[in-house]
Amino acid sequence: MTDFNPHIVGFLCNWCSYAGADLAGVSRIQYPTNIGVVRVMCSSSIDPVILIETMIRGADGVLIAGCHPGDCHYDTGNLHAERRVKIVHRLLDRCGLEPERIRLEWVSASEGSRFAEVVDNLVEEIRELGPNPVAGDQPDLDILERLYVARNVLGDFRLNLLVNKEHQIEDVSNVFGETIPKERMDELLDTVASEEFNRCNLLMLARDSSISVQQMADRTGLPEEEVLDHTVVLVDRGLLKVDRVDDGSPLYLTISQDRGRISTLPAWAQVEKRSIESSIRNLPDVDETTKAWIVRELLLTLRCHNCERRRSDACHFSVCIRGLMSGVVG
Amino acid sequence: MTEAMAPAIEEEFQPSILVFCCNWCSYAGADLAGVSRLQYPVNVKVLRVMCSGRVDPYFILRALELGADGVLITGCEIGDCHYISGNVKAKERIERLSKLLDQIGIGSDRIRLEWIAASEGTKFAQVMEEFTDHITNLGPNPLKGSETGGG
Amino acid sequence: MDKENVKRLISDMGAHDCVECGKCTTVCPVTRFNPEFAPRLVVVKALAGEEMDLSKDSDIWICNTCEICNNMCPYEVDYSGFIRGMRGEASREGHEPDCSQGGLLHAMMRIMANSDLPQKRLDWITDELKLADKGDVFLFVGCLPQLDAIFEGRNLDLVETARSAVRIMNRMGIEPVVSPIEKCCGHDLNWAGDEKNFIKLMNHNVQVIKDSGAKTVVFPCPECMRTFDLDYQDFLGDFDFEMTHISEFLARAIEEGKLEFPENISISTTFHDSCRLGRHLGLYDEPRKVLTEIPSVELVELEKNRDAATCCGVSGFMSCNSTSKVMQMEKMQDAKRTEADVLVTPCAKCRIHLDCSTRDETPVDNDLINIPIMDFTVLVDMALRGKLQIPDAQDKEARMEDEKPE
Amino acid sequence: MSDEEGKIGAVMVVGGGIAGMQAALDLADSGYLVYVVDSSPSIGGAMAQLDKTFPTHDCAMCILSPKLVATGRHQNVKLMMASDIHAIEGKPGNFTVFVKRKARYVDETKCTGCGLCTLRCPIEVRDEYNKGLKLRKAIYLKYPQAVPPVHTIDRDHCIGCGVCETQCEAGAIDFSGEEELVKVDVGSVILAPGFSEFDPRLKTEYGYGVFKNVLSSVELERMLSATGPYRGMVLRPSDGKRPKRMAFIQCVGSRDVQVGNPYCSSVCCMFAVKEALIAREHTPGLETHIFFMDMRAFGKEFDEYYARAEEEHGIVFTRNTRVARVSQNPETNNLYLWYAEHGKMKREEFDIVVLSIGFDSPKDVEKLTEKLGIKLNKHDFCQTDMFTPLDTSEPGIYVCGAFSSPKDIPDSVAQASGAACRAMSEIAGARGAMVTVKEYPPEIDVSGQEPKVGVFVCHCGINIGGVLDVPSLAEYAKTLPNVVHAEDNLYTCSQDTQQRISETIMEKGLNRVVVASCTPRTHTTIFQNTLMEAGLNPHLFEMANIRDQCSWVHMNVPKRATKKARTLIRMAVAKASLLEQLKPAEVEVVKSALVIGGGLSGMTAAVELARAGFDAHLVEKDSELGGLLRRIHFGCSGEDVQGFLERLVKQVEDDDRIRVYTSAELKEVSGSVGDFAAVIDSDGEEIETHQGVIIVATGGEEYEPTEYLYGKDPRVMTQLEFEEKLVTEGEIDAKCIVMVHCVGSRTTERPYCSRVCCTESVKNALRVKEMNPGIAVYSLFRDMRTYGFREEFYREAAEKGVVFIRFLEENEPVVSIDDQGKLEVRVLDDILQEELLINPDYVVLAAATLPARGNEELARMLKVPLNSHGFFLEAHMKLRPVDFATDGIFLCGLAHLPKFFEENVSQACGAVSRALSILSQDTLEGEATIALVDESMCRGCGVCVDTCEFGAPSLIMLENGRQVSHIDGALCKGCGSCSVSCCNKAITMLNFRTDQVLSMVESCFSEAKTPPAKREATVVEEVTET
C-alpha cells in the first residue's frame, strides 16, 4: 500500500533530540514531511496516557526522542521515559496494535543526520505496518475500546507508581536500602499491567448492563476463575457491584464513577473542561456519548487522585492537545 | 442519583424518619452497613438505646406529634437479646401502640418493628431503604405544621 | 409565675375568704397518707404572693382534685378551681406533669386537638345495636375505645359500657346518635392546665353535637359529663341541648316506666361514688335509685359514701403514686367489708385505677380486696337482659397470665 | 519485682487465639501482668476466620470482638505481636523468657488503623486469612476488626517503593525496624498455640488443588463470611456460578492412620453441619449432602442441632461411607464422588465438594517444645495425663486449647480459664505485685454548674472529611444552645488530640463533651478515659456517629449527608446538656467461696481455691465425698482412679482452708455477687455462711434403664455395674457379651448425647478382651462418639476382635429370654441389612447420665436457669461456659453437661479462675448506668420485679408500712425494660433518662425551634472565638 502517507507525531526533548532536529535543518538534511513535532522539556515529561491518546487521535506512529542515557539534562528523565514506553508497548500489544508504531530513540544534540535517519526509517516501517486502524471515519471500534481501556489503566495510580519507581528501586535503592533485581520488577510490571488491563476491560463490559462471570470470560477470552478473582478485587475497590442474582450466578454492574465528584469540580477544572470541550468538538464524527465519556475520562486524569489538586503536567497536557489538533489532524 | 442531578426533585417530599437502635444488635448492624459502605437513604436518623425494651410508646407518639413522618424500632432477633427478653416486651408494647395509632387516625403503618442482628449490615440498609420508600409513598405526617409543641 | 394571673385567680376562686381553719387539710385523702402535702398551705402561699416552683414535682400536681375540700370548706373556697388555675399558669411556663403511661394519654389528646385525622373509633359497634346519624338523643362515647387499646392487657372491655347504653336505649325505642368524628372531651388537658388545646377540643365537640341536632346528650362517663356541663358552659355559656349522665337518664326512664326488669337475677352490690359524679355534679341519688329499682339487687353502702367517699386515687393520669395506692387499698377493703358480690362504679377511669391496684403486689392480704368490679351501665343492661356475668376478681396471678407472651 | 520467695506476679501466654485471650483476661482481671506472645501480627487466632459458630449460629466476630477489644486495651495485658519464644531459663515461679520480635515497620503507638496506606500500596498478595480467595496488599491489616488495629509490612513481598509512608498522615511508618530480642521475667507460662489445618493435598484421591471446585472447609467458611471474597455468596471458584449441589466429605486427615492422624479432630462433624445450614441460607435451592462415618454430636444441644438439620432443614446425611475418590468432568468442572453403599460402588455428581479437614499440631511445634523442653505425645500434640490435663511435662508450664487435644470453642475457653487458675496457683503470693493501677486527678463536682458543652468534630482522615463539610459542622455546633467550644480535628482518637481535648476541658471549664466521629460501641471508653484525665466524670460524654452511620453510607449525597450530620450533632448536644455525673455502686467482696457438690469437680475447685489462698465451704449431700467418681475404678489407659480419689479426699479434708459439710443441704441463698449469704443444713444443724462467689458442681446420676429387661434379669446391667463386677471379681466366666449403646440418651424424652458412654463401653470391652481374648464382645451402637484421642481405644478394640454393629434409631435391638432361659438379642445390622441373633451371657447397657435430682430446687434458690434437659444453662454457650448470667455464680462438672474426668478437672479449674477474678478484688464496681426508683412515686405494684430477668428489683417494706420497689445496683444491667413497664414512671434509667431521650427526639425534628421553654432558663454565654 505504497500511496499511504503516515501521520507521525514526534515528541522531541528540548535539550538533545530537538536540537538534533534543528541541526538536521541547519545542515539541510532532508527527511520525510510526515512528522509533526512537539517540543517537550524532557522525554520523561510525556505521560504514557498521551501516547495512547495520540494513537486514539489517529496518529499512525509516534516517535519519542530523548538524550542518550547519562546525557539527560535532568539526570534520569530518559531512564523513566524508557520504562514508560516499555509499558505502553505492552499495552498496545494487548490492544491489538503493533507496538512498533511507538518508537523510543536516543538522539543527541549533535546527531542531526541520525535524527533524519530515524525519521526516515520510522516512516518506512509505519508505511509497511499500514494506517492506524482507529484513524479515519470507520475506526475499528474493538481496538478503539481497548485503547480507551489502556488509557484508563495508564491513568490509574497503581501502574503509574510502579513505572515511576522502577528506576529508583532497580538502580538506586528502595526504602530498605536494597535494590530489587530487574527480572523481578519486569515480571511484576507485566502482571500488574495485564491485571489492570483485564480489570478495566471488565469494568467497560459491565458498564451498561449487568453481566455474569461466564459472559465476561467469553467476551474477553480470559479463564473464568481469573475473571472471578478480578471481580472480587473490583467489588472491594467499590468499582463493581452485584446488581442481581438470576438462577445460576450473580450479575455484576459497574458502579458509575461520577460519585458526585464531577459535579463538585473546583473552579479551575470547570475552565479546563470548557477549553477541552471546545477543542474536541472537531474530532472525527464520534458520537456524543463517547465524546462526553472522553471529556470525563480526560478530566479524571487531569486531577491528582491523591489530593485532587491540579496535576503539574495537566497544563502541559492541554498544550499538547492543542498542538496535536493543529499539527496532525488539521 | 448524584447531588447535581437531584435539584429537580429537591422540593419533592423528603420524609424525616427516627430509628431507635439497640446498642448490642441493630446499632452494630448499622455500623457494619457503614463499614461495608452500603448506601441507604439519608432521611433516617438513629437514636441509640441500650435495649429495644427501653423504647417507651410515649417516645414514639411524641416523635409523631413533633412531626416525624415515620418511626422505626429495631432490636435483636428473639432469643438473641443481651438482656434475654427486652425485645419480647418491645414487641407487645408496639402492637398495643399500633392499635391506638389506628384508632386516632395517624395509622399504624407510620411505625414499624424490625429485628436486625449485629451481623446483618445488608439487612439494615435494605430495611432503611424499604421503610423510607414506604413512608415516601404514604406522604408527610398530617400533624406536621400544627404547632402541637406540647405544653 | 405571673403575679397578676395569680391575683385574679385568687379573687375568682374566692380564696380570700380562706381563714386557714385547716378543715380542708383534715379531710384531704392525699394528706392523710402524704403528710408533706396540705391544700391549705398551697392557698396560703399564693395569698402571701410567694414565688412558687411550678415544675413537675411541685405540690399543685399531687392534688387529686376530688373536691372533698370544696365540699367541706365552710367559706366555699373553690380549692380545686384554684389548683386548676395554678396548673394553667404552670403549663404556660412550659411545665408538664409526670403522667402515668408516660404521658401517652395527654399526647393523644393533644394530637386529637390539633388535627382532623380520620378516626377509626366505631369498631366496637356490633350489628345488633341500632344507631342513627341524626336524632334527638346523642350518646357521647368519649375515649372508651382508646382506653381499651392502651389497657388492652387488662381486658377490661371498657367499651361494653357504650354497647350497654345503646342496648338499653334501643330497648326504650331510642336510636341514639353516635358520631364517628367525636373527639376526647379534653377533661385531662383541662385539669393539666393546657387551656389552648382544651378549647380546640371543646369547640370541635360542641359543633359535632350541634350538627347532629340532638336535644339531649347522654354521657356514660362522669368526667365527660362534668367537662361538658361545667367547663364547656363556663366558656360558651348555656347550651340549648340538655346534658344528662346515664344514671339520671335511666332513673328518669324507670320513673316513666319505660324499663322493667325481669325477676330472675339476685345480686348484692355496693356503689363507688366517683368524685366527678358525686361532689362535682351532685348526682348521688340517681345511680342509687336505679340500682335499688332493679328487683333482687341489694345495695349495701360503703362505710365512706356519697360526699364522704374517698377518691379512686388518680385523676387525669397525673397523680398516680404511693399515696393513690394506699387510697385504693382502703377503698377495696371498704368494698370487701360490705360482703357485696360486686363493687359497681359509674366511671371507666375509676374502674381502670381500682382494677390496677388489685392486680399489683399488694401489702394487704389478697382476700381482703378481691371483690370484682363492674361498670354501672353494664350491670343495668345485664339486669334488663336477665343474664348476669360477674367478672372474676383480678389479682397478681391474673396479671402475670395476661402479660405472658403467647 | 517479686514477693519473698522470688515468685514473679506475671504470666506469659503463648498464642493469642480464643484460648490465649480467655486465659490472659482471667489472669489480668485477677491482678497478674500478662504478656501475650503471638507469631501473627494481631490476636484472634482461628476463630477470627469463622463466619458463624455452631450450634447457636452466633456471628463469630460479634461474640469475639468484645474479647478482642478487652484484651487489646486491658491495663495489665501487654501484646507482643509477630513474636516467638527464643529461649527460656529459670524455675517455676521465676522464669526468664527471651522473645524474638520480628520487625513490623509500623509504630504501634502511632498507627490508628485507618487503612489509607493499603489503598495506595501497588503490591497485591494472596491473603492467607481468606485462604487465598482474596488479595491483600503488602502493607495490611490481618482482618478488619484486628486488634491491635496496627498494620504490618510483609517484607517478603514489599518492593520498598515507600508510597505507604507518603500516605500515612499519622507518620507511623518507619522502615528502619529490625528484629529484636526481648528479655521478659514471668512466673508461669501457658501454651495456647492452637492447631494447624491438615493440608488436604496429602489426600491426593480427593483432588484438592487439582480440581478447582474442591474446597477445604475453612475456604468455604471464608466464602460464607460477609467480609469474605464474595461478601457471603457461595460461588464455584471455577466459573463464579452458584452451586446447586454441595457435598461434604468428613474425616479428611482425621481417623486416618495412612496420613499419620489416627485421632478424631472432634469438631469437623458439627462444623460441616453448620456450614451446610449456612450455605443453604445463603444459596436458595442448594442441596447439601454430608458423607460421614459417625456423626459426633456430643456437645451441649449438638444432637438436637444435628436432628433439626436432618429433619427440618433437609440436609442429606449419608451414613458410614468412606468416599473412595473424587473425579472431575473436564467441561463442566463438576465433581463425581465415588463411594460404596451396601457393597455396590456408586457415583454422584456435585457442583462443589468440601473437605472437612482435621487438626494437625501447630506449625513448627518441634522448635517450641525443644526450646521449652516439654514432651509431645505420639500425635505431636502436648503430652498431658488424665489427672492433670492442664499441666505439661515441665512444672510451671501449662497448656490449654487445641494444642492439648483437638477441641471446640467452649471446651477451649473452659480449659483456658483452667490453665489460668493453675498458672495462678504457682504464683499466688505475687498477686498484684507487678500490676499498676492508673491514677486519675480528683473528680470535679459539676452538679451545680450550668451545662457548658465542648463539641469535637472529627475528619477521620478522608473517611468523614471526604464526604461531609466538617469545618461547617464545627461552626454549626457553636450556634447550638449550651455549646461554649467547638473545633474540628484530623484524628480525634489519636493520642495527641486526646491530650489537646483534656487541656481544652480544663482551660475552658467544660463540663460536658460531645465527640462527633465514629461508633460509640468501640470508642466510648477511649474518650471517657480522656475525660477522667481532665478530672471530669466519664459519664458527662456523648457521641454522634457521623462516620459509620452518615459519611460512609451517604457518599453520593454529600450536601444532605452534612445536613443529617448537623441533626445528629444537635441531638447529641441536646442529650449532653442533660447528662449527670454518675458513680457506680460499690460492693465489698467477701474473700471466700461456696462450692455446692463434693464430687470430682467440687473437690478440685475447693483444692484450687485453697491453693490460691481463699477459704471454701464445700457442701455435699451424701455422707461422704466423691459423688459418681466412687463408682469409676480405672481410666482408659488403666489409670488408678480410686487411688486418685482417696488422695483428693484426703487433700480436701486435711486443708484447713476448706470447711466440708457432708450430708448437708443448701436451705437458702440471698444477697448478690461479692456477698452471698447461705444457710446450710448440715444433718440437722443450720449454719449461716457468707461468701463472695458460689460454684455449682452438683454432678450427675446414672440413668436407671427401664428398657432391655434391666432390673428383670441379673445378667442385664449398666456399664458402671459391669466395671465394678470386672474389678471385684477379677475375671469373668462368659463366652459372649453384648453391649448396647445410647440407652436413655438421644431419645425423644432425653434428646441429648451423654458423651461418655461410648468410650466407657470401649474401655470395658478392652478390659474383657485383656482378661480373656476368647470372649466374644458385640457392641451395638448408633454413632461411635469416641472423639479426640479416644479414637485410639476404639481402633484398638476393633483390632482385638470386638464386633461393632450399627443399628438405626427406628429398629432398636430386642433383648429377650428364650425358652431355655438364655438371653437372646436380635438386631438389624445397618451395613449388612440382615437381622442378627446373639445369645450373650451378659447384656451391658451404656446408660445415660442424668442431671442431679436437686437441680430444680437449687436453680430456683440461686435464680439461675436450667436448660430443657435439666442441666444448668450457662451465660453463653460458646464464650462463657463456666459463668451464669447472674454475676458471681459459676458452674462446672456434670451439672453443666455429662463429660469426661479430665474435662471435669479442666472446667473445675476454669470456674475457680473465673471466681478468682472477683475474689482477687477488694471492692466490685457495678454498672454505672443503672435504674433508680423514686420511692414517693412507686406504688409497689411489682411489675418491675416480674419484668427484670436479672432479679435486680425487689419489693421492700418501708418503715411507714408502704411497700416500694428497690433495685440492687450490683445486679442491674441497665437495659431499661423496667422503667418502661413501670406505669407511673417511678423508675429513671441513668444516662438514658426519659427527659434525655425526649430531648434527643425533640431536637431531631425541631430544626430551627429553640428547645422548649423550660430550658431557656440557662443563659447561653457569649461564644468566644478561639
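Modeller: Quick ground rule before we start: a residue counts as buried if 20 or more other C-beta atoms lie within 10 Å of its own. And keep in mind that this is a predicted model.

Biologist: Fine. How many of the 330 residues of chain A count as buried, as a percentage?

Modeller: By that cut-off, 40% of them. Chain A has 12 helices and seven strands, and 73% of its contacts with a separation of 6 or more come from residues 24 or more positions apart.

Biologist: Over to chain D. Why are helix 14 and helix 24 of chain D called roughly antiparallel?

Modeller: Helix 14 (residues 558-577) of chain D and helix 24 (residues 994-1005) of chain D have axes that cross at roughly 150 degrees and come within 8 Å. Angles over 145 count as roughly antiparallel, so helix 14 of chain D gets that label relative to helix 24 of chain D. The crossing of these two helices of chain D is right-handed.

Biologist: Which residues of helix 14 of chain D and helix 24 of chain D make the contact?

Modeller: Helix 14 of chain D brings D:Thr567, D:Arg570, D:Met571, D:Ala574 and D:Lys575, while helix 24 of chain D offers D:Gln996, D:Ser999, D:Met1000, D:Ser1003 and D:Cys1004. By class, that contact of helix 14 with helix 24 of chain D has four nonpolar, four polar and two charged residues.

Biologist: And what makes helix 16 and helix 17 of chain C roughly perpendicular?

Modeller: Helix 16 (residues 322-337) and helix 17 (residues 348-359) of chain C pack at about 90 degrees, axes 9 Å apart. The window for roughly perpendicular is 65 to 115, so the two helices of chain C earn the name. Here C:Lys325, C:Gln328, C:Met329, C:Lys331 and C:Met332 of helix 16 meet C:His353, C:Leu354, C:Ser357 and C:Thr358 of helix 17. Sorted by class, the contact of helix 16 with helix 17 of chain C has three nonpolar, four polar and two charged residues.

Biologist: How do you know that domain 1 of chain C touches domain 2 of chain C?

Modeller: Two residues are in contact if their C-beta atoms lie within 7 Å, and six residues of domain 1 of chain C are in contact with five of domain 2 of chain C. The centres of these two domains of chain C are 29 Å apart, taken over C-alpha atoms.

Biologist: Last one: how do you know what lies between chain A and chain C?

Modeller: No contact joins chain A and chain C, and their closest C-alpha atoms lie 38 Å apart. Chains B and D share the most contacts of the five pairs of chains in contact.

Technical notes
Residues numbered from 1 in each chain as written. Chains lettered and ligands numbered in written order. Predicted model: local features only at pLDDT ≥ 70, side-chain atom pairs only at ≥ 80, totals over all residues. Helix = DSSP H or I, 4+ residues; strand = E, 2+ residues; numbered from the N terminus. Buried ≥ 20, exposed ≤ 12 C-beta atoms within 10 Å, placed from the backbone. Axes fitted to C-alpha atoms, helices over the stretch in contact; angles between N-to-C directions. Parallel < 35°, antiparallel > 145°, perpendicular 65-115°, else oblique. Left-handed = near helix turned anticlockwise from the far one by under 90°. Nonpolar A, V, L, I, M, F, W, Y, C, P; charged D, E, K, R; others polar. Domains from an automatic or database assignment.
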